[in-house]
Amino acid sequence: MSRIEEELRATFARHEASTPASGPVRQKIDFAWVRAKRRRAWRRTAGVAAAVVLAGAATPLVIDNLQHREGGPVLPAAVDPAGPLDVLLLGSDRREGREPGTSLADTVMLLHLTADRKQVYLISLPRGGVLPGGEKLNWTLMRGASATRDAVEGLTGVELDATVTVELRALRAVSAAVGDVTMCVRPGIVAHPGRKAIPAGCHDIGPDEVEPLLRGRWKLPNGSYDRDHNNRAYLRLLAGEAMAGGISLSELQALLTSAGKGLRVDGDELTLLRVAASLDEPELVGIGAKKSARREGSRDEAIYPGVGPGLYAAIRDDRLAEWAAANPDYVDQR
């Protein structure tokens, strides 16, 4: 409650007995205060949702499950669950008309929200990396998001709270709702059949640039590793823009309508939504390998050779700040 609101309520309390007509006025002030709280909660929720930053930790596809009361939708009463939150974000290459079970994962990313809710780590897992059983990580999506989730949990030992699968059409809708963000691209992304080029330099990235930016890896020096870096950078910028300005309820509803079919959440959606509503612009940190690590005598790519066990333990133990400080080469520079 703000200082002005506290003074108004105290004034009515002092004069209520001698002013019979003040009751309805005070009731309206109380009602306005509740509505203001709701609007602030929805702005925080929308910001995270639109960012898909917590594309994982927060995309509220549960809007139909929320309780509706006078003054608009409100969150069900609940306590933010204790401890960190880990969400698997999958960027699917699914296209309209493609047969089910043929989609690969363009992006595989772990989103770790710290227990103190002050940092969100975006940790890329190399899509072409080979799992212990010999299967490539991005191939697992052909057996469904649950298969990729099982593979990531088996690799890292991290117990995931949810999985979010996002198609490019959903991200285009998010971009349209949030607005353009300015991003510096180095090196530039060359044109590819059906996708335009993005020259090296700083550009406004909007819906028309989302696909060439997030899918572009052709002729990049480090291929999909450079693409993973661009993915992390874009999500951090989009999240910052959304969470700084907020989105109205009507814009959020339009976003969910347009993005809904291109986005799926597997997990406790209401819990994720409650957590999202409690966030206050956390620091966003990107982590990823800079180039391919081939297995000796093979063309297979290893996933975080050497540092992997320490990285996974840091996620499980909520010690990523300590790990990042000790391994700066894997941390994105702003």
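In the predicted model, the largest nonpolar core comprises 37 residues, and those with the most contacts inside it are Leu89, Val164, Val166, Met183, Leu213, Leu214 and Tyr234. Helix H7 supplies the largest share of this core, with 6 residues. Another core, of 31 residues, lies apart from it and includes Ala105, Leu131, Ala145 and Leu320. In soluble globular proteins, nonpolar side chains tend to be buried together.

An open sheet is formed by 6 strands, arranged in the order E9-E6-E3-E4-E5-E10 with mixed pairing. Its edge strands are E9 (263-267) and E10, each of which pairs on one side only. On average, neighbouring strands of the sheet are turned by 20 degrees against each other, direction being ignored. At the E9 end of this order, strand E6 (residues 162-166) and E9 run antiparallel and are joined by 5 bridges. Within this pair, Ala162 of the E6 range 162-166 stands opposite Gly267 in E9. Val164 and Val166, both among the residues with the most contacts inside the largest core, also fall in the range of E6.

Helix H4 (residues 145-156) lies across four strands, namely E3 (85-92), E4 (105-113), E6 and E9. The direction of H4 is at about 130 degrees to that of E3. Residues of these elements occur in both cores: Leu89, in the range of E3, is one of the residues with the most contacts inside the largest core, whereas Ala105, in the range of E4, and Ala145, in the range of H4, belong to the core of 31 residues.

Several loop residues have notable backbone geometry. The peptide bond joining Arg186 and Pro187 is cis, with omega at about 0 degrees. Pro187 is located in the loop between strand E7 (181-185) and strand E8 (201-205). Met183, listed among the residues with the most contacts inside the largest core, lies in the range of E7.

Positive phi values occur at two residues that are not glycine, Lys219 and Tyr304. For Lys219, phi is near 70 degrees, and the residue lies in the loop between helix H6 (207-215) and helix H7 (224-245). Lys219 has a relative accessible area of 65% and is therefore exposed, the cut-off being over 50%. For Tyr304, phi is about 50 degrees; this residue is found in the loop between strand E10 (283-287) and helix H10 (308-316). The relative accessibility of Tyr304 is 4%, so this residue counts as buried, a class that requires under 20%.

Terms used: Residues numbered from 1 in each chain as written. Predicted model: local features only at pLDDT ≥ 70, side-chain atom pairs only at ≥ 80, totals over all residues. Heavy atoms only, no water. Helix = DSSP H or I, 4+ residues; strand = E, 2+ residues; numbered from the N terminus. Buried < 20%, exposed > 50% of the residue type's maximum accessible area, 1.4 Å probe, protein only. Core = buried A, V, L, I, M, F, W, Y, C linked by side-chain atoms within 4.5 Å. Pairing = 2+ DSSP bridges. Axes fitted to C-alpha atoms, helices over the stretch in contact; angles between N-to-C directions. Contact = heavy atoms within 4.5 Å.
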